[in-house]
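Got the viewer open and a selection tool ready? Let's take a walk through this one, stop by stop.

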Amino acid sequence: MLNSANNNFVQHTVSVSTEGNMNGYNRKSPQKRRYDMPKYAVPPKKKSGKERVPQPKNTVAMLNELRHGLIYKLESQTGPVHAPLFTISVEVDGQKYMGQGRSKKVARIEAAATALRSFIQFKDGAVLSPLKPAGNLDFTSDEHLENGIENVSNAELVELIQTLMLPEKNTNLTSLEQPTLRPQIFCMSHNANKNAIAVDGQKKVPDKGPVMLLYELFNDVNFECMNIDGAQNNCRFKMTVTINEKKFDGTGPSKKLAKNAAAKAALASLCNISYSPMMAPQKNAPLPIDDKSSSMELPQIHADTIGRLVLEKFMEVIKGQEAYSRRKVLAGIVMTENMNFCEAKVISVSTGTKCVSGEHMSVNGAVLNDSHAEIVSRRCLLKYLYAQLDLQCNQATAYQSIFVRNTDGQYPYKLKSGVHFHLYINTAPCGDARIFSPHENDTGVDKHPNRKARGQLRTKIESGEGTIPVKSSDGIQTWDGVLQGQRLLTMSCSDKIARWNIVGIQGSLLSSIIEPVYLHSIVLGSLLHPEHMYRAVCGRIEKSIQGLPPPYHLNKPRLALVTSAEPRNQAKAPNFGINWTIGDTELEVVNSLTGRTIGGQVSRITKQAFFEKFGFLMKNLPGMTSRKVNKDYGETKADVKDYQTAKQELFSAFKREDLGSWLKKPIEQDQFGLAD
């Protein structure tokens, strides 16, 4: 019956439609009923121009503003299944406050209200006491409240505390005889974040997700997707969260990850709550602390500032030459004075992942041997240090320099007090710091004790990517061997950073003029594993290093990961890299395989360029005992005795730990002199 009825309906529909067409006009045929579902192709309605009215705060939000990191605990659940009664407690300053309700949410609000009432004190000094749980305590009764506050609703209580925090609005308070907030409350709201979430005195990563925690701590939280960059299969989302008229950005390969990054940035700035992997306890990872007041962790808000400054500077200098914006590794160095990140300066920005081909070696120091981004950024920093010493050559500009005369040391000049340098790399440096699986928990003792799986010295592959362990040889490469076809090997970036943490980043030539300069922090954009990174940059030699001439020492930089981590880039690495140093009018593009600019010119950060700058400083810099450079580049470096002693001690420390021998370039590369 049902099938025949459906067939009749269809035949009737067709006949009516045919008759309409035969009469010369189209009559609307009856349409089948359908559910009008929203079509995703329709663009969403634009938001009205009206400002969003913030929602009134409840007692939980108000309490979280005054005291961050509170934990609400379910004490008990009583009553029948269809009408349960929940009891929830919250501990504030060692006092436990209780609340009851027909739902956990209501009980939490009541517990927060009880705590807020205890914050109010009256003219006679009376303070509302916290509720003490008792077996026969009636939480629905108001008998435990004193001083006339029992008649104040939760909404009025929140409004009262907000008003008390603004003294200029206290004139309207008459019904409660001008109460005030306890003085400790203001200290709580400003200082509670210093130890936001701690266990046994050590900060840890919060158990809750950043977005959930942000909604719990703040009442008016608004997320918005600002833009989408990149192709469909490699897009990059940018989310902005607004809290109390403050905006925080986060980026990621999906909206969810971008939202999490924005929430992490907000929590780090507003509450000093960090989700950095440096917070997680690491097994067998000695903390790099020289004293009890220092730590291996750089504050998250500082790490995000460093990463943001380098990325913004890269986008600025690449304008007009977008063809060279393609990159896999981005690095930069940021300088701060007295840790004032509001006035931080980007000193250098660079990209690159390749090394020079052996057939393009230079006997005049006219090529860049290593074009990896972090190595190039450090060479750009050398260019900046030479420029700052140039300012000391003229008495009128000496005050602008970051260097000052050193009257009580063996070095003529030293950095001004409070000047720090911070290295940013968008991924872990190649070599030992990157030899781990990001999705496996491989902390702990190696199951194969006879295998030296960690800490090995590694070399980069000529004209390629990746590293291999050094061979057990005497560590010498020959010029004719390389030209004949032997691969030109260069030490990995992890090994070079470990070297900088012993001899400094100023290089051997400048070591005859200034005291050693060390990195204060290293910030990564992705692939930060605290145990592996610490071991790679300083931990593998801290037990074997000895006999360093002062002021050389083992530097232990702070480590951090930015909240908006960079995704894995599967694109093929280009054969070029860019470099820019503060004061440059334009960036320089270098062919990584030839070590020269794309125009075939000598780069401005080669050995040859720095040797010429060194010769100028020796002639013109006040306070120098020797005014002439008679030896070639290699001999001049060898004359800096303390630097060479520290370097040899570093090589010996690697050998004592059975980590391999440092591989040197052919000595012919350094046998060139200054031009007349």
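Start by selecting R108 and Y72: R108 lies over the face of the Y72 ring, 5.9 Å from the ring centre. Keep in mind as you click around that this is a predicted model.

Now pick K259 together with F223. Here the charged end of K259 sits over the F223 ring, at 4.9 Å from its centre.

Stay with K259, since it also takes part in a helix packing. Colour helix 6 (residues 210-217) and helix 7 (residues 255-271), whose axes are 8 Å apart and make an angle of about 45°. That angle falls outside the parallel, antiparallel and perpendicular ranges, so helix 6 and helix 7 count as oblique to each other. Their crossing is left-handed. Want to see the side chains involved? From helix 6, show P210, V211, L213, L214 and L217; they meet K259, N260, A263, K264, A266, L267 and C271 of helix 7.

Zoom out for a moment. The whole protein has 16 helices and 23 strands, and 48% of its 676 residues count as buried. Looking at contacts between residues at least 6 apart in sequence, 65% join residues at least 24 apart.

For one example of positions far apart in sequence, select P469 and L659. They are separated by 190 residues in sequence, yet C-alpha to C-alpha they are 9.2 Å apart in space. P469 itself is found in strand 17 (residues 467-469). Is P469 buried or exposed? Neither, quite: its relative accessibility is 42%, so P469 counts as partly exposed. Setting aside neighbours within four places in sequence, the contacts of P469 are L457 and R458.

Next, the aromatics. The structure holds nine aromatic pairs. One of them is Y552 with Y643, an edge-to-face pair with 6.5 Å from centre to centre and 70° between the planes. Y552 sits in the loop between helix 13 (530-537) and strand 20 (558-561), while Y643 belongs to helix 16 (residues 641-656), so this pair ties together parts that are 91 residues apart in sequence. Switch on a surface and check both: Y552 has 4% relative accessibility and counts as buried, and Y643, also at 4%, counts as buried too.

Last stop: select F611, Y633 and F672, which form one aromatic cluster.

How values were computed
Residues are numbered from 1 along each chain as its sequence is written. This is a predicted model: local features need pLDDT of at least 70, side-chain atom pairs count only at pLDDT 80 or more; totals for chains, interfaces and linings use all residues. Side-chain values use heavy atoms; hydrogens and water are left out. Rings of Phe, Tyr and Trp (its six-membered ring) pair if their centres lie within 6.5 Å; planes under 30 degrees apart count as stacked, over 60 as edge-to-face and the rest as tilted. Helices (H or I, at least four residues) and strands (E, at least two) are DSSP runs, numbered from the N terminus. Buried means under 20% relative accessible area, exposed over 50%, partly exposed in between (1.4 Å probe, protein chains only). A charge sits over a ring if NZ of Lys or CZ of Arg is within 6 Å of the ring centre and within 35 degrees of the ring normal. Axes are lines fitted to C-alpha atoms, for helices over the stretch in contact, and angles run from 0 to 180 degrees between N-to-C directions. Angles under 35 degrees count as roughly parallel, over 145 as roughly antiparallel, 65 to 115 as roughly perpendicular and the rest as oblique. A crossing is left-handed if the near helix is turned anticlockwise from the far one by less than a right angle, and right-handed if clockwise. Contact means heavy atoms within 4.5 Å.
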